[in-house]
Structure formats: structure tokens, C-alpha cells
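Me: I would like to understand how the words used for a structure are justified. Could you take me through some of them slowly?

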Amino acid sequence: MNDMTPDREERSANLKGMGCSRKRVEDARFTQGKGNYVDDIKLPDMLHGDFVRSPYAHARVVSVNKEAALALPGVVAVLTAEDLAPLNLHWMPTLAGDKQMVLADGKVLFQGQEVAFVVASDRYVAADAVELVEVEYEELPVITDPFEALKSDVVLREDLEGQTEGAHGPRKHHNHIFTWEQGDEAGTNQVLDNAEVVAEETMYYHRTHPCPLETCGSVASMDKVNGKLTLWGTFQAPHVVRTVASLLSGIEEHNIRVVSPDIGGGFGNKVGVYPGYVCSIVASIVTGKPVKWVEDRMENLMSTAFARDYHMTGKISATKDGKITGLHCHVTADHGGFDACADPTKFPAGFMNICTGSYDIPVAYLAVDGVYTNKAPGGVSYRCSFRVTEAVYFIERMIEVLAIELDMDAAELRRINFIKKEQFPYTAALGWEYDSGDYHTAWDKALETVEYDALRKEQAERVEAFKRGETRKLMGVGLSFFTEIVGAGPVKNCDILGMGMFDSCEIRIHPTGSAIARLGTISQGQGHATTFAQILASEIGISADSITIEEGDTDTAPYGLGTYGSRSTPVAGAATAMAGRKIRAKAQMIAAYLLEVHDDDVEFDIDRFVVKGAPERFKTMKEIAYAAYNQAIPGIEPGLEAVSYYDPPNMTYPFGAYVCVMDIDVDTGVPEIRRFYALDDCGTRINPMIIEGQVHGGLTEALAVALGQEIAYDDLGNVKTGTLMDFFLPTAWEVPNYETDYTVTPSPHHPIGAKGVGESPHVGGVPCFSNAVQDAFRAFGLRHTNMPHDHWRIWQTANGLGLHD
Amino acid sequence: MSDKMHIKLKVNGEDKEFLAEPRELLIYALREKLNITGPHVGCETSHCGACTVTIDGKSVKSCTMFVAQANGAEITTIEGIGEPDALHVLQENFREHHGLQCGFCTPGMITRATKLLEENPNPTEEEVRFGMAGNICRCTGYQNIVKSILSAASEINAAKEAAQ
């Protein structure tokens, strides 16, 4: 060592490893307009596809006349179900074990359903041709209500008529899809029947949509000379898309290359497989030219996916002093015309069975009935792990309702029912094993920071002032404490279309000591290129700035199940750490050889291996990398590479405590968010700056859903919120500043203790905003009112409580 | 289809001439004829602002303007703001303050912000929020975008003061 040798602190800082707010490497290209999104792809002779869509929600397709469209100069083809049938591509399997029409086969089941695919020289000609395709429809009775669907004689899915067994067990009615039961029904009913206090509530978690700023799209290019298909698309799971494309098309998987380029936000919207992807592939095969399909915003909101649409009925029992004794939940789930929900195969209602929340509830029962209606298919997890948003909303509303029933403070009711720190790992009544948690510490920190008691005092004074006529504004204190279940998941119980939900990382160290790592996931704004390099930097002692991260090209990246359900850090992040450790193990042997000592006599120290007890004798990772390539080392293969496929032993369970303080003008129904405090515990923190950004974004999507965003239908199945004029996306003007905070409870089974955070703020945020609105009216007798709490509905609530009298 | 028009534009300082149908939207002319793919299409109804460009000194959503209406105009897109080795102060600050995530809204957002700071060089937080309300971001929740713009404003003002 000499005086120029950096000290340990400096060496550690130079790595830009875990725990630092490293600036994002993605930003250079994005801030200069040099991102490369699907619609930016332009290939020679590329054609454009566009859909003829059904204006009706339920109708028979009597005939499709393509003549006028085909006569238009520039139109190359018009595909209908009849054209796809010989290839057996007029229907496709869904992720939920159902099948879905790619193009209308005899009838349509929702407004906006794909009827014909026009292929033309440019997007304007394609749009003109869409108008020239003449479709004759015969209207059928429309059902948009799942309860009505279960009573109706009208058969929505005639293709399934007579099938009493579905992918998830018996079907009770021709419009019924499945019943999914979890927990102990008899035991729960017994506890409820004998309870000191029971609170019951029915709530509707409305239909909404992830609506990323970039819509869905794809470019398919079939190279008939080499027999290779390349497919670029907005895919949150490119490897699964390759497998599905191979199974559907019959093209061998090695001849298909799927690429997810930059993705302009996903939030669950880009998990599913949509008819547009299939049609672009077929059209490219048919025409021999590249074919691009990009949906417009209305098509996006009407046809590619939706989220939520759960009608939930709950019963929660407790002792008189507030100890919860049992929970019963029934859900009627509106899945639309096809069951295309994006959940792991064995979970038709996702992880709705996390609905016991953060509480020690001895017995519980959940039943979910999936139902067909004339609405769009594709229940996706909009910024949440599978149906966790619904589960957390349900339990956090039930807690509030129980607090009203008990005439108790809702914060205290939560506190006395939390699972205690010493109870972890904790097996919940509906089966999940929570890996870790320290709920009381988080809750106390949150309540103390916001000065909870003072808020309640102020609120009580406000109510009095309101009654005296001194103010027209009420004050709501919204609380939520959530436990998420993310990182799907263990291959033993989680798969998508049979593919186990592991993930992967492959690392190559270059001779000069820089590296490339490729993963099976795909960033949609989460900053993977930044954070995964930080994990690796800490594991292998090479600066994050010298590590390139690549994802999304199935020809180069190892197979993985993609990015959704906050699974990238829990699963691919773990694979990254494990692959890094393989590199380190080999590096240790090389270092020992170079230092002429036994393998066990060297130890890893930030960016080097040092001889134990003699830190002046060391080899840096850079020196070791060079040695791996430039000299023969007895017993060790040349090169320095590793791959890890990580099958997580359990899910991870991030949690958090949120408080929202809101003023509501009872005469206009306008809520004003005065304060929002969010404490998140996502275990080990990789990049605090990115975590904070994820929390801000998730909370804003939560605000949107709670306060106005919905996909609404009229009785004829017309989508009433099909443009951004009607579908609420908050602007900078409507959004508050958030206060973020954290505790750290590392996951005991994850290699670096990380749990995932991207979706927590949405999961915890929706009930927090909703509880704030409803809490404002608690003093006037409100028990529950459904979201979205837009101005009109809040005004109606106030009016219904007689506050305008 | 109608007859094509001869369109002349000055885009990011370069003269461009091409033929286009008058009904073609400016955003598609930029993206598909001129390969200027920084401005994006997010809604085609003027709501989201991903397509924002500067036309003759004003922020305009190029998804709801016909290319014919822009004939003869001077246009600046994100490609005309900053250089790879000399980023605009807004680009620097968006990176510094994590003012972007997926990057899809970012070109429109920064293009609009350059105009906002010309219109109002010393905005309050409220003025930034109001002035940026035509640009939707689905990822960041705006907090860091606002921070980025306010920070850029102080840097620009500090530089101006130092120069005087």
C-alpha cells in the first residue's frame, strides 16, 4: 500500500453499490428523446395494421364484406376469423385457462372487440380501409352486471355451452366461470355466529385501467428466407411471449426472437397477450413484410385489459374490546367476455387470499365467483401483485367499518390486531407464510410523525365548527396499513402457462474488469439498468458504472418470467446476487492462486481479495478478471462468467403505514389533500432515490383510482370513459407533495434481504385516500361509500347525509 | 386520399421539405417522414402532452395540428434541445432529481418546461404545477418533475446573475 491507495470508505463509494442514490443510466437517452419504443421502430417495406372493432357489446356477426376495403389503393390484406381459422389462430388461449377470440368468430362479446385486421401501406390508409369494411351485426341482449349474468337465460359464451367444468373447477351457470375457495368456511361461520361483535359491509371496487402513457403495440417481421420471426412489442414478459408465439404459430422457438425495447410504462397493461400481437404476426407471415400494430388511446382503454371490477361482501367479527376473531369474504368478480385475467395458473383470483391483511386473524374464509359479462376481458394487476390491491382495500375498509361498529379509534384497532414481530414467520388463516415484519414499529413511527392525536383533536374541533356553521369544510384522516405479497414466485405453486415463475441473471466479466449482465426481466421505468448494476457492484466488487445491464431480447437474455407483481427485485434481483456470488467464488480461487496462498486464506474486501491478516497483499477484481483470461491457472477453466436461475423459496411481504389528511368542501365535493405521509418497509434498500420515485408514482396512481378514475359502461355496454377527457389521469395540478419515510425489515430468505417496492404505494395508497374521504363523514354517520370518490359522488355523499340542508 | 401538399418546415434549425397529405397530423410527419421520434403519441386528443413541440415560440401539442397548418413554421423538438456532451440545464436537472422513469413523457415534458421557463423565468411551485398541467406523467407523481424544473430555474437565474 502507498498513500495513493484509496481507503475502504472511498473504495466502497466508488463502487456505487447497494444503498446509494445512484443517478440513472437510462436518463441520458430518455432526456434527449433517444429512447427506442415500439412505435419508433421503422423497417423497410413495413406495413401497418389496424382493427375493425365492434360498436356493439353483444351481437352476432352476420357478415363481413371486405371488397371496398381491398379495393382501396395501398390495402394489402383484410383478415377475419375465417382467414385465421385454417391456421387455428382465430382463437387463442388466455393466461387464465380460458380461450379468447383473436378476431370475432360468429359473435362479439364486448364493445371494441376485434372483428377484422386491415393491413395497409401506412397508418392513414389502414384507418381509411377500416371505415370501408362493412360488417353486418345482429344485436343481442347486453349484460354488464355480473349478478344479472348469473340469473340470465342469455348465454354469453355459446362456445362453452354444456361445459360444466372449467379450468378452475365446476361452473354453476352458463355465465359462471369458477368458484375459488380458500380457508375454513364452517369454522369461520361458527366464529361469526357466536361473536360479540360482527361488522358487515358490501363494497364495489370499480373497474379501471392501468393506462400507461405508451399504448400497446408490436412489430412482427417474418424473414421467409431464414425462417426467422422477430417480434418487437410492449411485453412485460418477453420470454413467455416467445413460448406462446411458438406454440400458437408452430414456428420452433429458436426461430423466434422477441424483443421488448424501451417500454413507456406498463403497470400490468403489458402482461397479457392481445389480438393485435397475434394479428401482426399472422399478417407478417401472410405478406412476407414487417407489420406494425399500435393501438390508439381509445382502443387501449376499451380493449387491452382492465383492472379490478370486484364486488366484495365482508363480515368481520371481534370481541367487545376489539380483538378480531374471524373474517369472511365473498367476491363476485366481473371478468368480462373472456377470462383473460393475468394470474399465476393456480390462482384464478390472484392472491386475493392475502385479504386477512396485517392482522392476526385466527380463522377466515374467502370465496370468489368469476363471471362472464359483456365487458372487455383481461383482469390485470394494475400496479399491484395479483389482486392484492383488492385484498388490501377490502381489509382496510373492513377495519374502518369494524372501528365504527365498536366506536373505537381505527388506529388503535389496527394496533391491537397487528401480527406481532415475534410471530414471524407467520402463517395466515388463508395459508400464506409471511416471511417477516415489524408492524408496530412502523405504525408507531407513522402516527408519531403525523402527530396523530393532534389531528384527531383538530378533526373533532372542525366537526364542532361545522355544526356551528363556521366552516363548510370537513377534515378526514385516512389510515392504511398494508402487507403486500410480491415476488411470485416459488415454482412449486406459481406458473404462467406452465412456466415456473423463477427468474434469471447471466453475467460475463470482461478481461479489463468491466461486465455485462443480462436478466429475464424487463424495465418499464423502474430503472433496472441502474439498480441491478448496484446489486452486482456490491456482490462482485466492480463499479456499477462498469456494468452494463441488458434485458428484453430473448436471443441474448436468459429465460425469465418478466416484470410485474413487483417480482423483479425479489426474483431476478436474487438471481443477480446469486450469479454474482458464483463469480466471486471463482474469483476467490483465482486470487488465491495469484497470491500463492490457499483459497481459504483470502477474503473478499469491497473490490478485492486480500490475504487474511495481511491486507497489504491483495488482488483487485480488475486484476483477477484479467488473470481469468490471460493465464493458465491449474484446475480452473479460463473466463469469468456465471448464470443463476433463481426459484424463490417464498414470496416477500413488503408492508407500510400511510396517513392522508384531507379537507373536503361539502358544497363542491372537492377534496384537498393537505398531507400525505408514506412509510414503506421494502426490506434492504438498493437505491433510495428510485424507491422514493416509485412511491411518488404509485401514490399518484392510487389517488387517481380512489378519486375518480374508472372504466364505466352504460346498460348497452358502451364504454363511457374511453378517452382521456373522461378517464381521470391526474396532472401536476391535482397532485400533492408526498412525505416518504421507511423502516428496514430485511426478508430473511432473499439473498440481499430486498422485498420489492414498486407497487406498495398503490396497494396502500388506494385505501388510504378512500379512508380519508370516508373518515371525513364518519361523525355524520357514514359507514361506507364506494369509490371512485369524484367531486360529484362526494357531493352526493354529503347530500345524502343531510349536510346541504 | 387527397392530393399531397408541398410542406416546408424549419425543424431544430434545419430546413425540411416533403410532400404530405394535408390531413396528416404534424406528429406523424415529424416521426415518420423526418424520423424525429423524440415527441411521442400518447392520446391523439391533446390531453397527455407527450407530443409537445415548440412552434414559432409557443408550446404546441403536435398530435392535434395538421402538418398543413404548420407549413412554413419553425419547430423545436427535444432533439433540438441540448447536445449529448452539453445537456440543457433542464435535462441535467431531470436526471439529477429523478424527474423521469419510463421516459415516454419526458421529451414533451422537457420541451414544455423550456418554454415555461422562458415565459416565467422565476416560477413558484404552484406556477410550475399549473404551467405543466398539460403534460401527463404516469410514473413520477410529478413531485420530482416539479423539483427538477424549479432547480433548473434557479441554476439558469444564477448563471444569468453571474454573467451580469
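Reply: The turns below set values from this predicted model against the cut-offs that give each term its meaning.

Me: What makes chain A as compact as a globular protein of its length?

Reply: The radius of gyration of chain A is 28 Å, and the globule rule gives 28 Å for 805 residues, so chain A counts as being as compact as a globular protein of that length. Its C-alpha atoms fill a box of roughly 85 × 75 × 50 Å along the principal axes, and the chain is made up with 20 helices and 34 strands.

Me: How many of the residues of chain A count as buried?

Reply: Of its 805 residues, 65% count as buried, a word that requires a relative accessible area under 20%.

Me: Why is E396(A) called buried?

Reply: The relative accessible area of E396(A) is 0%, and the term applies under 20%, so E396(A) is buried. This residue lies in helix α11 of chain A, which covers residues 388–406.

Me: How do you know that the side chain of E396(A) reaches the backbone nitrogen of F481(A) in a polar contact?

Reply: The distance from the side chain of E396(A) to that nitrogen is 2.9 Å, and a polar contact needs a pair of N or O atoms within 3.5 Å, so the pair meets the distance cut-off. Leaving aside neighbours within four places in sequence, E396(A) is also in contact with other residues, including Y359(A), R414(A) and N771(A).

Me: Why is the meeting of E32(B) and R123(A) called a salt bridge?

Reply: Their side chains come to 2.4 Å, N to O, while the rule asks for a side-chain nitrogen of Lys or Arg within 4 Å of a carboxyl oxygen of Asp or Glu, so this pair qualifies. Across the interface of chain A and chain B the rule finds 6 salt bridges, together with 27 residue pairs in polar contact, both residues being at pLDDT 80 or more.

Me: Which elements of chain A give two or more residues to the side that touches chain B?

Reply: They are α2 (27–31), α5 (123–132) and α18 (688–707) of chain A, and α18(A) provides the largest share, 9 residues. By class, this side of chain A has 22 nonpolar, 17 polar and 15 charged residues.

Me: How many residues does each chain bring to the contact?

Reply: Chain A brings 54 residues and chain B brings 50 residues, and the two chains bury about 4700 Å² between them, with 53% of that area on carbon and sulfur atoms.

Notes: Residues numbered from 1 in each chain as written. Chains lettered and ligands numbered in written order. Predicted model: local features only at pLDDT ≥ 70, side-chain atom pairs only at ≥ 80, totals over all residues. Heavy atoms only, no water. Contact = heavy atoms within 4.5 Å. Buried area = accessible area lost by both parts, 1.4 Å probe. Polar contact = N/O pair within 3.5 Å; in protein donor to acceptor, adjacent residues only side chain to side chain. Helix = DSSP H or I, 4+ residues; strand = E, 2+ residues; numbered from the N terminus. Nonpolar A, V, L, I, M, F, W, Y, C, P; charged D, E, K, R; others polar. Buried < 20%, exposed > 50% of the residue type's maximum accessible area, 1.4 Å probe, protein only. Rg over C-alpha atoms; globule rule 2.2 N^0.38 Å.
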